[in-house]
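Please look through the structure below, following first one helix and then a sheet with the helices that pack on it.

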Amino acid sequence: SDPNLVERARAARAALGSRAFVLGHHYQRDEVIDFADVTGDSFKLAREAAARPEAEFILFCGVHFMAESADILTSDQQQVVLPDLAAGCSMADMAAIGQVEEAWAVLQDVGIADSTIPVTYMNSSAAIKAFTGRHDGTVCTSSNAEVALRWAFDQVGGVDGTGKVLFLPDQHLGRNTAVLALGMSLEECVVFDPRKPNGGLTDQELRDARMILWRGHCSVHGRFSVQNVTDIRAAVPGVNVMVHPECKNEVVTAADYVGSTEYIIKQLEAAEPGSSWAIGTELNLVRRVAKAHPDKNVHYLDSTVCFCSTMNRIDLPHLVWAMESLVEGRMVNRIVVDADDAHWARVALDQMLALPG
Ligand code: 13P
Ligand code: SF4
């Protein structure tokens with residue numbers, strides 16, 4: 001590796017000045033976060049990108065779907081750059097647009113499409129967000145999933161009515177929000193498996209469901225288990241267990257706190273000195289909050305769970321390469337969403353930004 005990398009990063013950043021704005025998701029490496037103009041969860045970063053009309057280049061240190069959302073929310077003159085194109089998201093990849101359209105056709109055949117509204121997690125391709133906009137739904141993130149679901153049910157007769165939500169692509173966030181925040185039962189949530197005919201469900205099961213959850217999950221958060229919670233409680237008396245809502249329902253139920261990355265950071269800031277915390281989310285973030293709060297005992301919920309490998313694709317060499325290329329007038333790794341998808345995805349994103357709170 002180049003011993004002058006940090007120097008080169010500083011020089012390239014200075015040369016770009018206010019022409020560039022660097023966004024860093026909380027799961028990014030420290031070496032990248034050091035060069036971020038702003039850090040945040042996916043919701044905050046989408047807002048920040050939209051609020052920088054003066055920046056010619058938005059350097060997005062995060063994953064592909066976040067860069068797509070930034071492209072959708074910024075003007076045509078602004079260019080969004082993802083320093084490594086291999087930084088995808090395995091969850092977003094679990095819902096392909098063709099599969100989602102086929103699923104919608106199933107709901108039409110069963111006669112429930114008119115009473116179903118799509119709610120799509122930010123962690124999805126622009127094409128899926130566009131599908132959501134075309135069907136009058138909304139995007140949500142882990143920090144506003146409850147508000148988004150309440151809004152969606154209101155469009156189809158209310159939480160206590162008979163309307164349905166098709167929740168894409170994270171079954172866990174959808175189930176956790178419906179059950180823990182809206183008080184639905186687990187039985188009212190069904191999982192639609194796109195690899196099976198009729199999603200692996202009978203027509204009656206589809207008709208009876210309130211939440212039709214796409215069969216997607218996060219490979220990082222999906223690994224935390226109830227055993228991890230039991231073990232840490234035995235090892236650290238009085239520990240507060242805090243997890244991301246992408247964890248399985250039984251893990252979230254066993255935990256004491258659940259929330260987005262931004263929520264986790266705020267809880268830690270507000271915590272009593274000397275208190276103990278076990279955190280179930282991506283490791284870069286947990287390490288950073290542990291370092292920021294030496295007066296609190298911060299543990300990782302499962303020491304064997306690793307980083308988000310695709311988030312970690314963005315490292316300092318890639319960021320330096322992207323910045324130096326821009327300084328030299330060479331556009332690299334630009335993320336562009338096609339105009340029609342961008343229009344409809346924006347409708348669904350604007351709906352999210354217009355939600356209360
Ligand atoms: P946040 O919405 O909390 O930023 O989470 C994004 C993500 O990718 C979680 O795995
Ligand atoms: Fe996707 Fe999970 Fe990585 Fe988040 S942590 S980017 S949901 S794979």
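**A helix and a sheet**

In this predicted model, helix α12 spans residues 261-270, and its buried residues are T261, I264, I265 and L268. When the helix is viewed down its axis, the buried residues of α12 fall within an arc of 100°, so they line one face of the helix. A general rule helps to make sense of such a pattern: an α-helix has 3.6 residues a turn, so residues three or four places apart point the same way. On the other side of α12, by contrast, K266 and A270 are exposed. The buried residues of α12 are covered by elements that include strand β10 (240-243), strand β12 (276-280) and helix α13 (283-292).

We can now turn to a sheet elsewhere in the numbering. This open sheet has four strands in the order β2-β1-β3-β4, and their pairing is parallel. Its edge strands, each of which pairs on one side only, are β2 (38-40) and β4 (79-81). Direction ignored, neighbouring strands of the sheet are turned by 25° against each other on average.

Within this sheet, strand β1 (residues 20-25) and strand β3 (residues 57-61) run parallel and are joined by five bridges, and G24 stands opposite C61 in β3. Helix α4 (residues 64-73) packs on the sheet, where it touches β1, β3 and β4, and the direction of α4 makes about 155° with that of β3. Helix α14 (residues 316-327) also packs on the sheet, touching β1, β3 and β4, with a direction that makes about 175° with that of β3.

Definitions and conventions. Residues are numbered from 1 along each chain as its sequence is written. Chains are lettered from A and ligands numbered from 1 in the order in which they are written. This is a predicted model: local features need pLDDT of at least 70, side-chain atom pairs count only at pLDDT 80 or more; totals for chains, interfaces and linings use all residues. A residue is buried if 20 or more other C-beta atoms lie within 10 Å of its own, exposed if 12 or fewer, and partly exposed in between; C-beta atoms are placed from the backbone. Helices (H or I, at least four residues) and strands (E, at least two) are DSSP runs, numbered from the N terminus. The arc is that of the directions from the helix axis to the C-beta atoms. Two residues are in contact if their C-beta atoms, placed from the backbone, lie within 7 Å. Two strands pair if DSSP finds at least two bridges between them. Axes are lines fitted to C-alpha atoms, for helices over the stretch in contact, and angles run from 0 to 180 degrees between N-to-C directions.
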